[in-house]
Amino acid sequence: MKALALLGLALLAGAVYAEPLGLPPVPIPADNPQSAEKIKLGDKLFHDKRFSSTGAVACSNCHDDAKAFTDSPRRVSEGVNKLTGTRNAPTVINAAYMKTQFWDGRSPSLEDQALYPFLNPVEMALPDHGPILKIVRNDPDYAAAFQSVFGKSGEAITMKEVTQAIASFERTVVAGNSPFDRWYYGHDERALTPAQVRGFQVFVGQGRCVSCHVIEQTQALFTDNRFHNIGVGITAVQADVPKLAGAFLEAKAKGVDVDVAVLTDKKTSELGRFAVTDQFDDLGGFKTPTLRNIALTAPYMHDGSLKTLKDVMTHYNNGGIAKAGDRVNDFLSGGIRPLNLTSQQMDDLVAFMQALTSPEFAQTAAKAK
Ligand code: HEC
Ligand code: HEC
């Protein structure tokens with residue numbers, strides 16, 4: 001991507017670059033500073049299909065820059081041999097700002113997160129990280145790049161360097177400067193349509209969306225980095241929850257791989273944040289996702305169960321159930337209640353969310369129409 005290359009150049013020159021309108025500076029860990037060469041190496045690793053059991057799946061299969069770094073319109077992701085997981089691929093755009101990674105926050109950093117997909121049996125399905133190290137230690141281009149970026153060669157190259165490079169690349173996948181940002185932070189009154197302005201009023205007012213999808217004085221990440229049960233998925237397994245939760249805790253005590261368990265078993269997936277904390281209040285809780293570029297990443301929610309933004313609005317308007325009269329789940333967040341929005345207000349909210357598309361992805365938006 002051109003924008004990423006430009007950012008890389010700015011870093012190379014040591015130039016101070018301004019972050020996109022509406023976003024804070026990207027947090028960079030002290031032990032993994034950015035450099036143009038490291039970013040380029042990470043970009044290559046992210047797109048390398050050889051790091052999978054079939055040689056056909058790279059990170060970019062499911063986080064495709066042509067699809068705003070998702071695999072839209074898939075409901076759940078497809079890994080090696082067309083095996084499907086249980087969850088919808090979140091975008092990597094602005095993941096650099098997330099305090100935890102994955103829908104249930106089971107990983108603390110981008111560096112750590114990148115270890116898992118390579119081994120997950122429904123994603124890249126390698127038996128261990130050995131095949132990756134074999135390639136990066138022996139492929140002349142990789143060997144030269146690791147030498148130059150990390151001063152390491154042969155056995156000295158480990159997954160630490162591999163994941164550091166991938167994370168550095170991901171920290172350049174940031175996007176702001178949407179029509180909303182130009183209106184709210186840039187004070188350009190014409191950046192939003194009247195419907196989008198009305199939608200914003202509902203977002204911060206009667207809809208109470210902003211209590212979780214946070215907008216601040218100088219920046220908007222549209223997430224509180226917290227976990228909430230908003231009534232998606234868990235309703236279907238409600239009756240089994242006590243049994244499922246008990247069985248999961250037992251399996252965990254015996255050392256089950258949580259990453260594999262939640263992505264290969266639909267019911268276990270629905271335990272949500274509970275799978276990480278073992279706390280019953282976290283049952284069915286998932287991380288508040290960003291809403292930036294949301295118009296491009298349908299379908300929605302951790303299980304991809306809601307097809308359109310209008311469907312999402314109906315879900316919220318009903319107070320966390322698909323249709324009036326459905327049973328409300330026992331662990332629903334107190335923040336989710338029927339909203340009594342009119343059809344016009346719901347349309348306005350959708351229009352507002354369409355104003356969150358960054359210019360880098362505007363072309364993707366045009367194609368999606
Ligand atoms: C087969 C599809 C697939 C592949 C391949 C894949 N991912 Fe993902 N990715 C997903 C899904 C699905 C999730 C959500 C899983 C969950 O939350 O339990 C995810 C989550 C993430 C997240 C967390 C984002 C957030 O907001 O929490 C990051 C970052 C990420 N992937 C990066 C990568 C990297 C780096 C690779 C390659 C090493 C990769 N992914 C390979 C499907 C995939
Ligand atoms: C109590 C916190 C909370 C409130 C209030 C809230 N959301 Fe959410 N939102 C979440 C969480 C958590 C998810 C992910 C839930 C899941 O997948 O199970 C989510 C998911 C979404 C998604 C799908 C994102 C994706 O990438 O799939 C959209 C769109 C959305 N919310 C819009 C809104 C709008 C509009 C409102 C106001 C009407 C709103 N939200 C109110 C917490 C909240």
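## A walk from helix 15 to the domains

Start by selecting helix 15: its buried residues pack against helix 16, which covers 343-354. You're looking at a predicted model, by the way.

Keep helix 15 on screen; it runs over residues 309-317. Which of its residues are buried? Show the side chains of Leu309, Val312, Met313, His315, Tyr316 and Asn317, and you have them. Leu309, Val312 and Met313 are among these buried residues, and there's a handy rule for reading such a pattern. In an α-helix, residues three or four places apart point the same way, because there are 3.6 residues a turn. Now step just past the helix and click on Gly319, where phi is positive, near 80°.

Next, bring up ligand 2. What does helix 15 give to the shell around ligand 2? Three residues, the most that any element gives. The whole shell counts 25 residues, and to find the closest, select Cys209, Cys212, Tyr300, His302 and Gly335. Try colouring the shell by residue type: 15 are nonpolar, nine are polar and one is charged.

Now zoom out and colour the protein chain by domain. The assignment gives domain 1 as 2-170, domain 2 as 179-229 plus 288-368, and domain 3 as 234-283. Hide domain 2 for a moment and look at the other two: the C-alpha centres of domain 1 and domain 3 are 27 Å apart. Their contact draws on 10 residues from domain 1 and 13 residues from domain 3. For a last stop, pick out the side of domain 1 that touches domain 3, where you'll find three nonpolar, four polar and three charged residues.

Note on methods:
Residues numbered from 1 in each chain as written. Chains lettered and ligands numbered in written order. Predicted model: local features only at pLDDT ≥ 70, side-chain atom pairs only at ≥ 80, totals over all residues. Near = placed C-beta within 6 Å. Helix = DSSP H or I, 4+ residues; strand = E, 2+ residues; numbered from the N terminus. Nonpolar A, V, L, I, M, F, W, Y, C, P; charged D, E, K, R; others polar. Buried ≥ 20, exposed ≤ 12 C-beta atoms within 10 Å, placed from the backbone. Contact = placed C-beta atoms within 7 Å. Domains from an automatic or database assignment.
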